[in-house]
Amino acid sequence: MCGIAGVLKLRSESLPGNARDVLGDMLDAIHHRGPDGFGIDVDGPLGLAHKRLAIIDIDDRSAQPMRVLDGRYRIVFNGEIYNYQSLAKELAAAGYSFRTTSDTEVLLLGYAHWGHAVLDRLRGMFAFAIWDVQRQELFAARDRFGKKPFFYRQTSTEFLFASEIKAILRYPDVPRVPVMETIHDYLGLGYCTGEKTAFEGIMRLPPATAMVLRPDGEVRRWRYWTLPEVDESLADRPTDELLEEFMALFDESVALRMIADVPIGCFLSGGVDSSAVVARMAPRMSEPLKTFSVGFGNIGNDELQFAKAVADRYETEHRDFQMDYSLIDVLPQIIWNYGEPYADSSALVTYALSKEIRRHVTVAVTGDGGDEIFLGYSRYLRMGQDLPANLASRRVGPFGSALLMRDRYERIVGKFRDEHRLRGYGPALLPFCLNPPSDWFARMEGATPANAAERTARADVDTYLPDDLLVKADIATMAHSLEGRSPLLDHVLAEWAARLPQSSRIYQRHGELQAKALLKHAMEPHVPEQCLYRRKMGFSVPVAHWMAHDIADFVYDTLTAQRFRERGLLDSAYLDNMLGQHISGTEDHGTRLWTLLCLELWYQTYIDGDGRQPLTVDVRGSETQGAAA
């Protein structure tokens with residue numbers, strides 16, 4: 001796990017003499033991603049830079065940027081290739097020799113042997129760039145679900161890339177202009193989605209996408225993987241067979257993610273997914289598994305009793321951490337770390353917990369992805385309720401049932417919805433007031449009550465999973481040089497699950513319809529029942545309460561300040577009414593006000609300020625001192 005950056009000069013230009021200093025400054029912006037070492041390789045038109053968090057083969061021989069085969073192939077790589085050992089055996093049989101025991105060398109030699117088709121063989125999380133000196137070709141790719149980030153900016157003279165936007169902003173003369181279309185998406189969803197980032201000219205490479213760039217500026221991009229469609233012929237398969245297959249695939253995935261040359265532990269919320277991971281990891285450990293939980297006391301949901309039940313059953317070396325109202329104090333740091341507008345308040349918890357976990361281990365395994373792959377959210381069940389049986393044949397406009405389903409889902413998950421956009425958008429956002437955030441049409445088309453949950457989950461796999469959940473996990477963990485791993489997002493396991501009809505993943509169990517029924521059913525012998533069949537809680541924090549009480553003055557001062565109003569994002573009278581209603585308790589606008597607050601702090605950090613450091617601000621006070629300018 002690491003941080004990467006690079007620049008390729010186009011039109012046969014060479015890098016300037018200060019290229020090493022510029023790349024070094026880019027690395028400084030992402031130092032937290034790799035405190036164990038750094039490297040810079042400048043040659044002709046290309047400069048590669050790398051910050052290392054040593055996980056596998058921690059010897060200096062595995063440092064990056066790495067070269068192989070007399071320097072023809074060069075790489076910077078962020079992530080882990082979990083099946084690197086089996087790939088190394090294939091390459092050795094083909095005549096290749098190795099000077100390290102790292103997955104980086106296996107990836108680079110794999111590219112030398114298989115070319116772009118190496119992507120089909122990789123089982124892991126990754127974002128990388130490979131330079132082929134002979135072909136004068138830069139090959140970059142991102143893993144299937146988007147666990148590892150890859151941002152880039154291309155102009156007529158150069159191509160820049162990095163693990164985080166803040167590194168690209170360190171490059172000379174990169175403008176910091178907000179993209180209103182992305183801000184609109186953010187207000188609707190609470191996160192930025194799609195290829196366009198919140199900064200004009202800076203893009204994100206989508207998950208499961210590769211690109212090839214040549215010095216003449218020619219670019220070729222393609223999607224190399226998609227989640228397979230449901231195979232309805234599997235609907236009649238016996239549940240016992242499915243449970244057996246799931247356990248075999250899940251155990252294999254867990255075992256692969258336990259490979260490391262550093263201490264490893266596990267997030268343990270006490271929910272289904274993290275409990276399942278602990279249940280399959282702990283028996284494989286030669287010493288007690290280190291597990292970590294977080295409690296909220298009286299400020300939010302508290303699952304410590306459920307985490308303790310799992311920890312006690314598997315005799316883990318367990319630690320729990322109590323959060324209090326001081327959690328809000330890290331908000332300016334969070335805004336800086338995430339780089340784009342981001343309003344998932346649970347990031348505060350993940351960030352604080354990651355800091356504590358890093359004191360004990362370098363790798364933490366998580367339960368991320370279980371809900372999207374195995375249909376675990378209660379909102380998925382709601383999507384199929386009370387819908388007309390002939391929904392698939394209904395036509396409302398050119399997109400038919402997709403339009404109905406998309407609108408229904410926006411009512412469930414949206415922040416600024418139709419009524420808020422129409423009445424509240426200011427002049428800067430008015431061109432988008434009739435547009436829903438993102439584009440869920442493709443995945444929603446053909447939805448019926450019988451498959452609404454499955455179609456909605458696919459929309460989440462394309463948007464919510466890579467652009468909210470996995471962003472949250474990557475930034476919060478890597479801010480503290482902690483690697484996170486997700487066995488439930490193993491693509492082999494996910495492909496198997498995606499082919500199963502909805503009725504094989506959601507079905508009656510213990511007298512009621514169960515979301516994520518297959519996974520829960522499989523875990524019944526291994527996880528305490530009170531952890532499997534209870535209301536899903538998650539990392540919720542009391543932002544609505546904070547907005548009305550603890551930080552009410554700060555919110556009011558920030559959102560009524562002249563500079564926020566001059567941005568033209570919201571109608572002033574509408575915002576004043578929203579603030580008044582929330583503070584008086586007339587209407588709960590907590591999530592919308594939190595979304596606006598995070599947006600304004602992002603503006604102050606990256607648009608008004610230079611983004612080199614977090615704002616200096618007392619959140620529980622009411623005065624903003626401002627970022628460095």
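Both faces of strand β1 are covered in this predicted model. On one side sit Cys2, Ile4, Gly6 and Leu8, on the other Gly3, Ala5, Val7 and Lys9, and every one of these residues is buried. Taken as a whole, β1 spans residues 2-9, and the count comes out at eight buried residues of eight.

β1 also has partners to pair with. With β3, which covers residues 46-52, β1 pairs in the antiparallel sense, and seven bridges hold that pairing. One entry in that ladder is Gly3, whose bridge partner in β3 is Lys51. The other pairing is with β9 (residues 158-162), again antiparallel, through five bridges. Here Ala5 has Ala162 as its bridge partner, and Lys9 stands opposite Glu158.

What about β9 itself: is this strand buried or exposed? Five of its five residues are buried, so β9 is largely enclosed by the rest of the structure. Glu158, Leu160 and Ala162 point one way from the strand, Phe159 and Phe161 point the other way, and both sets are buried. β9 pairs with β8 (residues 151-154) too, in an antiparallel arrangement with four bridges. Phe151 stands opposite Ala162 in that pairing, and Ala162 is also the bridge partner of Ala5 from β1. The link between β8 and β9 is a hairpin that runs through three residues.

Back towards β3, Gly37 is worth a quick look. Gly37 belongs to strand β2, residues 37-43, and is partly exposed, with a relative accessible area of 23%. That label follows from the cut-offs, because buried means under 20% and exposed means over 50%. Once neighbours within four places in sequence are set aside, Gly37 is in contact with His50, Lys51 and Arg52. For Arg52, the C-alpha to C-alpha distance from Gly37 is 5.0 Å, with the two positions 15 residues apart in sequence numbering.

Further along the chain there is an open sheet of five strands, ordered β15-β14-β13-β16-β17 and paired in parallel. β15 (317-322) and β17 (483-485) are the edge strands; each has a single partner, so one side of each lacks a neighbour in the sheet. From one strand to the next, the twist averages 30°. At the β17 edge, the pairing with β16 (residues 363-365) is parallel and rests on three bridges. Val363 has Glu483 of β17 as its bridge partner.

Helices pack on this sheet as well. Helix α10, made of residues 346-357, touches β13, β14, β15 and β16, and its direction makes about 145° with that of β14. Helix α7 (residues 272-281) lies across β13 (264-267), β14 (290-295) and β16, and runs at about 150° to β13.

Another residue to pick out is Asp371, found in helix α11 (residues 370-374). Its relative accessible area is 6%, so Asp371 counts as buried. Beyond residues up to four places away in sequence, Asp371 touches Asp273, Gly376, Tyr377, Tyr380, Lys516 and Lys536.

The remaining helix contacts involve α26 (residues 590-608). Two packed helices are described by the angle between their axes and the distance between the axes. For α23 (residues 552-559) against α26, the angle is about 60° and the axes are 10 Å apart. The two helices are therefore oblique to each other, and their crossing is left-handed. On the α23 side, the contact uses Phe554, Val555, Thr558 and Leu559, while α26 brings in Leu593, Leu596, Leu597, Glu600, Leu601 and Gln604. Sorted by class, the residues in the contact of α23 with α26 are seven nonpolar, two polar and one charged.

α26 also packs against α5 (residues 180-189), where the axes come within 10 Å and cross at roughly 150°. From α5, the contact draws on Met180, Ile183, Tyr186 and Leu187; from α26, on Thr595, Leu596, Cys598, Leu599, Trp602 and Tyr603. How many charged residues does the contact of α5 with α26 hold? There are no charged residues there, the rest being nine nonpolar and one polar. Leu596 appears in the contact with α5 and also in the contact with α23.

Terms used: Residues numbered from 1 in each chain as written. Predicted model: local features only at pLDDT ≥ 70, side-chain atom pairs only at ≥ 80, totals over all residues. Heavy atoms only, no water. Buried < 20%, exposed > 50% of the residue type's maximum accessible area, 1.4 Å probe, protein only. Pairing = 2+ DSSP bridges. Axes fitted to C-alpha atoms, helices over the stretch in contact; angles between N-to-C directions. Parallel < 35°, antiparallel > 145°, perpendicular 65-115°, else oblique. Left-handed = near helix turned anticlockwise from the far one by under 90°. Contact = heavy atoms within 4.5 Å. Nonpolar A, V, L, I, M, F, W, Y, C, P; charged D, E, K, R; others polar.
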